[in-house]
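The following paragraphs offer a guided reading of a protein chain and its ligands. Please keep the sequence and the model in view while reading.

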Amino acid sequence: MKKSLLVSIMFFLVLFLGMKGTGHKGRKGNHRYSDFETPETCGQCHKEIYREWKQTMMAQAYTHRWDEIEYFKLAVPHAERRPEFKESVEGCNGCHTPIAFFVGDRSPKPPSSGTRANESVSCEVCHTISGFNGEVPFNFNYIMKPGRVKYGPRQGVESPYHDTVKSDFLQSPEFCATCHNEKNSFGVWVKSTYFEWKQGPYSKEGVRCQDCHMWRGSGIVAEMSRAVKDMRHHSFPGGHVMAKIRGAIEVKVYTDQDEYEPGDEVKITVLLYNAKAGHKLPTGSVEDRQLWVEVHAVDSQGRRYIIPVDKKGFPGEKYTITSNELAYQDMGEMMGIKDFRGLPRDDLEEGHRIYRIAFLDPEGRMTVAQWNTASLGVDYRIAPRETKVETYTWEIPEEIPEGRVKIDVRVLYRLLVKSVARFLKVPEEEYRTWEINSAETYIEVY
Ligand code: HEC
Ligand code: HEC
Ligand code: HEC
Ligand code: HEC
Ligand code: HEC
């Protein structure tokens, strides 16, 4: 009796401990690289799809510069100094280069070594996944099994090279969610694109991730096979593609009057509408992304005046207004720099509204390291089809020249905080500022 009680306590203890953390320890690599086919092999027949995939971020998830820099300059050294992060840092590859992870290549060589880890999220990865373990899709809990079977969207297609099986799972948002939802070892959801979609209007209307990120159009699925009108194109455009992000937020501006005198207050209202994205904006790597709105007045002689946003007074609002106070001090620990003072938080003109969730390290300072995120700040992003209303109060300077004044509103986007990018020597094209929309209105000053 006593013994069985002890056994069941032990059992629950093991279960409990096993459920903590990211839970991939037990998933040893039972496979070898040679069990998986290369994307070039698939590309011999699936030429159009291969050419499209090759350009995507998923084809470069292990090799592209910012990924390489964050992993090798911050994450790996951090886990060497702090063993409690070892599991999280090995886990990066469960999503960024799944084959390397599953064959047990747990500290793959850098991209310049040209190993198979460079294949990143390849054809074999997605087309050998049949489902996921557990209740919720997250943290690479997909079930991947290499072999003759390739899962596809259609019934009864035949290939001379492999078997094909129709899979509903491949066509579901839950499939994407196995990598686009992530919880770190502090129990913080550091990526929640799928949950954002699920809570939003598109899930109710049956609009999947695939519908917006894998367009259907004419194409040849495989060389020598017939052309179809509804091929699933593998372009996967996201935040790195201007054509995808441009116009994702629509914007309008108006003032409370048409005419003013110097010294008067102008009340300005700006409306921002998430018209295009099926999730919040920004989503995914929210710790890196910057989406902000700049409002300026331009007088009749072309002089510019900054108009800071009115505060709303909600808790944690300071993270949603651009500031250059120092942040990211945790990089000092990761890189072994003593007394590292940090870097300017936003590296932007101060006082503008910025849409984000602040990622906070165990000491409550902002961080770009999602594995070192112990808590999140307020979620002030723009949900799908949500409209954010911002107001601005501008006292017209006494010395302003008479005439027409333009109220200039620009919606701006940057993939990575500039101060961090420059400090870590990330190439400039990975942190340039994009104007993704704009609006203007005019007032008269007498
Ligand atoms: C020797 C040529 C050849 C090679 C190599 C090849 N395939 Fe195919 N594959 C085909 C043909 C032909 C079809 C059927 C196309 C059709 O009829 O629409 C097909 C169908 C598929 C389908 C199912 C499409 C659907 O509509 O459901 C998937 C998925 C697929 N291939 C994935 C792969 C992957 C992944 C690789 C590499 C591991 C690969 N293929 C390598 C020729 C090839
Ligand atoms: C095996 C893991 C995995 C699966 C499954 C997966 N993704 Fe990804 N995806 C990634 C990773 C990792 C990246 C980040 C690439 C990088 O490093 O920039 C990414 C990036 C992207 C991007 C580009 C984001 C950007 O920054 O521009 C889009 C879009 C995307 N995925 C859409 C999808 C969709 C849609 C699905 C489902 C049909 C899907 N992904 C399934 C791992 C995955
Ligand atoms: C991130 C996951 C992902 C990657 C990487 C990926 N695919 Fe796909 N593929 C999908 C999904 C999802 C679908 C079905 C889309 C849908 O449901 O609309 C699909 C569909 C297909 C189809 C069927 C097209 C049709 O219209 O019949 C083929 C063939 C295919 N993929 C081959 C490939 C090849 C070859 C590669 C590599 C060059 C590749 N895929 C890379 C997720 C992926
Ligand atoms: C209604 C269309 C729509 C749907 C549905 C949709 N997306 Fe997006 N997605 C967009 C647009 C537009 C963007 C570009 C704006 C942005 O970066 O957020 C985008 C951007 C992204 C990015 C890049 C974010 C970044 O910062 O680089 C990823 C990753 C992504 N989507 C994944 C997904 C996944 C996973 C799903 C399903 C759970 C999904 N999307 C559903 C329209 C959609
Ligand atoms: C659960 C899957 C998953 C895990 C685990 C994961 N990532 Fe990612 N990572 C993604 C996805 C998906 C994206 C793309 C998000 C987007 O753009 O919206 C991404 C994006 C990134 C980016 C931004 C890429 C860019 O081009 O802007 C970096 C850098 C990165 N990951 C590094 C890491 C590191 C380092 C780790 C481990 C500490 C890690 N990731 C763990 C899925 C994952």
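Which residue in E11 is the bridge partner of Thr255? The partner is Ile268. The model in which this pairing is found is a predicted one, and the account below begins with the sheet to which the pairing belongs.

Strand E9 covers residues 249-255, and strand E11 covers residues 265-274. These two strands run antiparallel and are joined by seven bridges. Besides the pairing of Thr255 with Ile268, Val253 stands opposite Val270 in E11. On the other hand, E11 also pairs with E18, again in the antiparallel sense, over nine bridges. One of the pairings there links Tyr273 to Thr387 in E18. Taken together, the three strands make an open sheet in the order E9-E11-E18. Strands E9 and E18 (387-395) are its edges, each pairing on one side only. From one strand to the next, the twist averages 20 degrees. As a general point, the strands of a sheet are held in pairs by backbone hydrogen bonds, in either a parallel or an antiparallel arrangement.

The division of the chain comes next. The protein chain is split into domain 1, residues 20-232, and domain 2, residues 242-445. Their C-alpha centres lie 32 Å apart. Where the two domains meet, 26 residues of domain 1 are in contact with 23 residues of domain 2. On the domain 1 side of this interface, at least two residues each come from H4, H5, strand E6 (189-192), helix H9 (193-199), helix H10 (201-204) and H11. The greatest contribution to that side is made by H4, with eight residues. By class, the domain 1 side comprises 16 nonpolar, six polar and four charged residues.

The surroundings of ligand 5 draw on both domains, each of which supplies at least three residues to the shell. This shell holds 27 residues, and the closest are Glu70, Cys92, Cys95, Glu182 and Gly284. Helix H4 (65-81), helix H5 (86-96) and helix H8 (173-180) each provide at least two of the residues. The largest share, seven residues, comes from H5. In composition, the shell around ligand 5 has 11 nonpolar, 12 polar and four charged residues.

Helix H5 merits a separate description. Is H5 mostly covered, and how many of its 11 residues are buried? H5 is indeed mostly covered, with eight of the 11 buried. Among the buried residues of H5 are Cys92 and Cys95, both of which are also listed with the residues closest to ligand 5. Others in the buried set include Ser88, Val89, Asn93 and His96. The buried residues of H5 pack against H4, helix H6 (98-102) and H8.

Helix H8 leads on to ligand 2, since H8 gives the most to the shell around that ligand, with five residues. The ligand 2 shell numbers 23 residues, of which Met57, Cys176, Cys179, Cys209 and Gly238 are the closest. At least two residues each are supplied by H5, H7, H8 and helix H11 (209-213). The shell around ligand 2 divides into 13 nonpolar, nine polar and one charged.

Ligand 3 has 24 residues around it, and those that come nearest are Cys42, His46, Cys123, Cys126 and Gln171. Four elements each furnish at least two residues of this shell: helix H2 (39-45), helix H3 (47-54), helix H7 (123-127) and strand E8 (227-232). Its composition is 14 nonpolar, eight polar and two charged residues.

A final stop is Lys150, which lies in strand E3, residues 149-152. Is Lys150 buried or exposed? Lys150 counts as buried because 20 other C-beta atoms lie within 10 Å, and 20 or more is the criterion for a buried residue. Leaving aside residues up to four places away in sequence, Lys150 touches His127, Thr128, His162 and Thr164. Ile129 is 21 residues away from Lys150 along the chain, and the C-alpha atoms of the two are separated by 8.5 Å.

Definitions and conventions
Residues are numbered from 1 along each chain as its sequence is written. Chains are lettered from A and ligands numbered from 1 in the order in which they are written. This is a predicted model: local features need pLDDT of at least 70, side-chain atom pairs count only at pLDDT 80 or more; totals for chains, interfaces and linings use all residues. A residue is near a molecule or strand if its C-beta atom, placed from the backbone, lies within 6 Å of it. Ala, Val, Leu, Ile, Met, Phe, Trp, Tyr, Cys and Pro count as nonpolar, Asp, Glu, Lys and Arg as charged, and the others, Gly among them, as polar. Domain bounds come from an automatic or database domain assignment. A residue is buried if 20 or more other C-beta atoms lie within 10 Å of its own, exposed if 12 or fewer, and partly exposed in between; C-beta atoms are placed from the backbone. Two residues are in contact if their C-beta atoms, placed from the backbone, lie within 7 Å. Two strands pair if DSSP finds at least two bridges between them. Axes are lines fitted to C-alpha atoms, for helices over the stretch in contact, and angles run from 0 to 180 degrees between N-to-C directions.
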